[in-house]
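Welcome, and please take a look at the model below. The report that follows walks through some of its strands, loops and contacts.

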There are 2 protein chains.
Amino acid sequence: MADSMASVESILAQDADRYVEDLKALLRIPSVSADTAFHDHCLSAAAETAEQLEAAGCSAEIISTAGFPIVLGRSPEVPGASTVLVYGHYDVQPPDPLDEWETPAFEPTIRDGRIYARGATDDKGQMLTHIKSVDAWTKAAGHPPINVVFVIEGEEEVGSDNLDQFLKDHREKLKADVAVISDTSMYGPDIPAITYGLRGIVACEVTLTGPSQDLHSGIFGGAIANPCNELATLIGSLHDADGRVTVEGFYDDVRSLTDQERQAFADLPFDEATFCNNIGVKAPRGEAGFTTTERRWARPTCDVNGLFGGYSGEGPKTIVPSKATAKITCRLVPDQKPEAILDALKRHLEDRLPDGVTMSFMTYHGAPAFVMDPDHPAMAAASTAIDRAFGKPPVLIREGGSIPVVASLKSILDVDTLLLGWGQNTDNLHSPNERFSLKDFQRGIHASAALWAELAK
Amino acid sequence: MADSMASVESILAQDADRYVEDLKALLRIPSVSADTAFHDHCLSAAAETAEQLEAAGCSAEIISTAGFPIVLGRSPEVPGASTVLVYGHYDVQPPDPLDEWETPAFEPTIRDGRIYARGATDDKGQMLTHIKSVDAWTKAAGHPPINVVFVIEGEEEVGSDNLDQFLKDHREKLKADVAVISDTSMYGPDIPAITYGLRGIVACEVTLTGPSQDLHSGIFGGAIANPCNELATLIGSLHDADGRVTVEGFYDDVRSLTDQERQAFADLPFDEATFCNNIGVKAPRGEAGFTTTERRWARPTCDVNGLFGGYSGEGPKTIVPSKATAKITCRLVPDQKPEAILDALKRHLEDRLPDGVTMSFMTYHGAPAFVMDPDHPAMAAASTAIDRAFGKPPVLIREGGSIPVVASLKSILDVDTLLLGWGQNTDNLHSPNERFSLKDFQRGIHASAALWAELAK
């Protein structure tokens, strides 16, 4: 195997320019899933992905869904070897605003060692690293030392509506020991990372109704409950002065950070003044007793995302509003249970509901948090592989957001995910002038190739 | 004088039908000030008002303003007698929705002793009672026993934008001992009332700004102040569990109700279940220790009239919003000072402003509360006059709203106002099928005529 990896590395060096040409070919296709005008381009991107899989020695099927097709690729079977499921997506965000692009969004252009195009990092460039690593293994050794299954979808930017059904329908074909997704970022330039934890989420909408219609605040004000005031009081009751959520039981199941985790977070380079300055706030704010990084990655939240009731036009209006609504999401951490958190939140509000208003409480689809077991053998393999490609081991980080496919892979296929990002979170994902460092593109291919070797050990 | 009043009463009986015909003539003019299509009709209504004033023996001028003209009338001068300023308005609300009228809005129609038309009670019918009472006095005695000055404007339904300037420009001509306005309501059918108090108002708008744009709540949630949550907490801090406003100094200048006032309020017929049922709430709610009537008429409030921030569309959205805004009005009672209340409110919010948000505080025009001194000689005169016309003395009531012209009359002309409503608050003011009881129209004329006699004593 050591010999194989040496051969693979020689192929990687030799074919580096071809990988970039193949990336350009994929980036030239404006596969914007959100806009029906780009429908045929999305199908072309699926076809190009399948072609590049086949060129890498894989079988490739383009499987129809109710939306855009999913490309299912498979490296030559290695009986008895472990199986890795690679997830990625060939669709991209709309390129607007077009006039803010220095070079056209679908004419990939290299400047200062970076390739600029929509999809460069999200996710064509990152996804392609795994196809190209299989390609290198095929050229060097006939096939990778393990089984690699590719699931490359075309609806990630519009909600992955048909992915879960696909995973259910093809559960048998998709059995795997671990999944790999490269759709996140490194911690910073030259700081490779493994994202081993993501927060979960629950979402709900609370509406208080007082009088059956808006009423004159002169005639009625002071004598009836005002849904705006009452909702504000309820929302205000969700946190204490220390920034802790006061909902009974909210923290019961929260898995504490270990001392090692806190130390690892603290060891990461982080400048709070820069962080605040970048988003235009004077100071951070959150749960007492935790650092900004801990608050973002490993502590649960209760955020109002929208608040509305009564009159929002110009000038004053003298009404007691009939209704007021809050949209609320809680970010969850391991081992909080989405249903239990929603129940507790509802009970908290109900228990404090004043006379003269009624409450409706509507919930949306939620997802639990995800953390990869640090002792999972794939973690060590990934760390070693990244060290080999980047010349340094990855830092272990978490992210505060949720990546729904990770929850789906866990719940439907019972497979844990390695989140190996090769991009930077400053690569203008979803913005004009999206880009991807070609050095990291090549290092990503290298790390991926090394990962197949490590997982085969 | 007793003899004169007997003569007046005989004229009132004799000319009752003519008064109704004159009312119809005014109601037929669609003087909708809000709609430029009705511009000429507003001028016609001013002309018709002036004609009826002249027919009543008054001089009448139609005085231009930057908007619709103001009709200035004046009864024959009685040197040494006191002067009453009658305020009213000849403009009306738009008649929409037209198809909900049983008979056309500008074809006055009598059914069951009530005249139906836009403006019947608000304010043509009520305003006309005072012109007709002067008319009766002129026929019976050559002129009223006092000086009556009429200020009848045409922009009351669109904000009276030019009234204050008019009052300032004609301050000398408008000197009066007391003002009379019939643009309110009786307490109930056959329960005449003098409205001796109105609440004042202050209005402001508070905006909290956190990050310079909406941010991803997964990436930032929990680590920065959320303006929606923070604003809710601030708004929630404005009241305590007993429904009292917690702003320091808020109640310092509040004039307490006297035992007699509380008793008078309690003696009024009022059914709380009906009150709640009519507006669709299960229970009233307000400051502990006060009745619903006291809360509405004589206690200050702090109501959020509008609350908005973040996402208000369908479904969830995972953001930490950049901004959140509350529109707030406080209803004031004597002797609260608008400026002091706004200052105290602002200070309350500033003192509690958390790290990571900034606050902007914008104020709108406000007005102090108004109460007529119960010992003002005009109060006794009005009570006696109403007793004579209605066969029972009026109840003394307050209203929770504000009537800006009352504040203007006080601040610009230093004159107190008798609010003598002849209508019912169920007369569909501002709604289809507006109406006015003809019995109360005639009793209003009678009371007005008697008032001139009483004020002359």
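In strand 17 of chain A, A:Thr417 stands opposite A:Ala179. That residue pair belongs to a predicted model, so please read every value here as computed from a prediction. The two strands concerned, strand 7 (residues 178-181) and strand 17 of chain A, run parallel and are joined by 3 bridges.

Strand 17 of chain A has another partner as well. Strand 8 (residues 193-198) of chain A is joined to strand 17 by 3 bridges, and here the two run antiparallel. In this pairing, A:Gly421 of strand 17 stands opposite A:Ala193.

How many residues of strand 17 of chain A are buried? The count is 5 of the 5, so the strand is largely enclosed by the rest of the structure. Both of its faces are covered: on one side A:Thr417, A:Leu419 and A:Gly421 are buried, and on the other side A:Leu418 and A:Leu420 are buried too.

**A three-stranded sheet in each chain**

Moving along chain A from strand 17, you come to a loop that leads to strand 18 (435-437), and A:Asn433 lies in it. Strand 18 belongs to an open sheet of 3 strands in chain A, with the order 4-5-18 and antiparallel pairing. Strand 4 (109-111) and strand 18 of chain A are the edge strands, each pairing on one side only. From one strand to the next, the twist averages 30°. Strand 5 and strand 18 of chain A pair in the antiparallel sense over 3 bridges, and within strand 18 the bridge partner of A:Tyr116 is A:Arg435. Helix 13 (residues 438-456) of chain A packs on this sheet and touches strand 4, strand 5 and strand 18, its direction making about 60° with that of strand 18.

Chain B also has an open sheet of 3 strands, in the order 4-5-18 and with antiparallel pairing. Strand 4 (109-111) and strand 18 (435-437) of chain B stand at its edges with a single partner strand each, so one side of each is left without a neighbour in the sheet. Neighbouring strands of the chain B sheet are turned by 30° against each other on average, direction ignored. Strand 5 (residues 114-116) of chain B pairs with strand 18 of chain B in the antiparallel sense over 3 bridges, and B:Ile115 has B:Phe436 of strand 18 as its bridge partner.

**Backbone angles to look at in the loops**

The table lists two cis peptide bonds and two residues other than glycine with a positive phi.

| Where | Feature | Value |
|---|---|---|
| A:Asp122 to A:Asp123 | cis peptide bond | omega near 5° |
| B:Asp96 to B:Pro97 | cis peptide bond | omega about -5° |
| A:Asn433 | positive phi, not a glycine | phi about 60° |
| B:Asp414 | positive phi, not a glycine | phi near 55° |

Where do these residues sit? A:Asp123 lies in the loop between strand 5 (114-116) and helix 3 (124-141) of chain A. B:Pro97 is found in the loop between strand 3 (83-89) and strand 4 of chain B. B:Asp414 is in the loop between helix 13 (404-413) and strand 17 (417-421) of chain B.

Are the two residues with a positive phi buried or exposed? A:Asn433 has 12% relative accessibility and counts as buried, whereas B:Asp414, at 58%, counts as exposed.

**A buried serine in chain B**

Another loop residue worth finding is B:Ser31, between helix 2 (16-27) and helix 3 (39-55) of chain B. Its relative accessibility is 0%, so B:Ser31 counts as buried. Leaving aside its neighbours within four places in sequence, B:Ser31 is in contact with B:His41, B:Cys42, B:Ala45, B:Tyr90, B:Asp91, B:Val92 and B:Lys124.

**How the two chains meet**

Now step back to see both chains together. Chain B is superposed on chain A by a rotation of 180° with 0.1 Å of shift along its axis, at an RMSD of 0.1 Å. That is the relation of a two-fold axis.

The contact takes 69 residues from chain B and 69 residues from chain A. Of the interface residues of chain B, 100% are also interface residues in chain A, so the copies meet through the same surface. About 5200 Å² of area is buried between chain B and chain A, and carbon and sulfur atoms give 55% of it.

Across this interface the rule finds 2 salt bridges. A:Arg285 forms a salt bridge with B:Glu230, and their closest N and O atoms are 2.5 Å apart.

Key. Residues are numbered from 1 along each chain as its sequence is written. Chains are lettered from A and ligands numbered from 1 in the order in which they are written. This is a predicted model: local features need pLDDT of at least 70, side-chain atom pairs count only at pLDDT 80 or more; totals for chains, interfaces and linings use all residues. Side-chain values use heavy atoms; hydrogens and water are left out. Copies are superposed by least squares on the C-alpha atoms of residues with pLDDT of at least 70 in both. Contact means heavy atoms within 4.5 Å. Two strands pair if DSSP finds at least two bridges between them. Helices (H or I, at least four residues) and strands (E, at least two) are DSSP runs, numbered from the N terminus. Axes are lines fitted to C-alpha atoms, for helices over the stretch in contact, and angles run from 0 to 180 degrees between N-to-C directions. Buried means under 20% relative accessible area, exposed over 50%, partly exposed in between (1.4 Å probe, protein chains only). Buried area is the accessible area (1.4 Å probe) that two parts lose on being put together, summed over both. A salt bridge is a side-chain nitrogen of Lys or Arg within 4 Å of a carboxyl oxygen of Asp or Glu.
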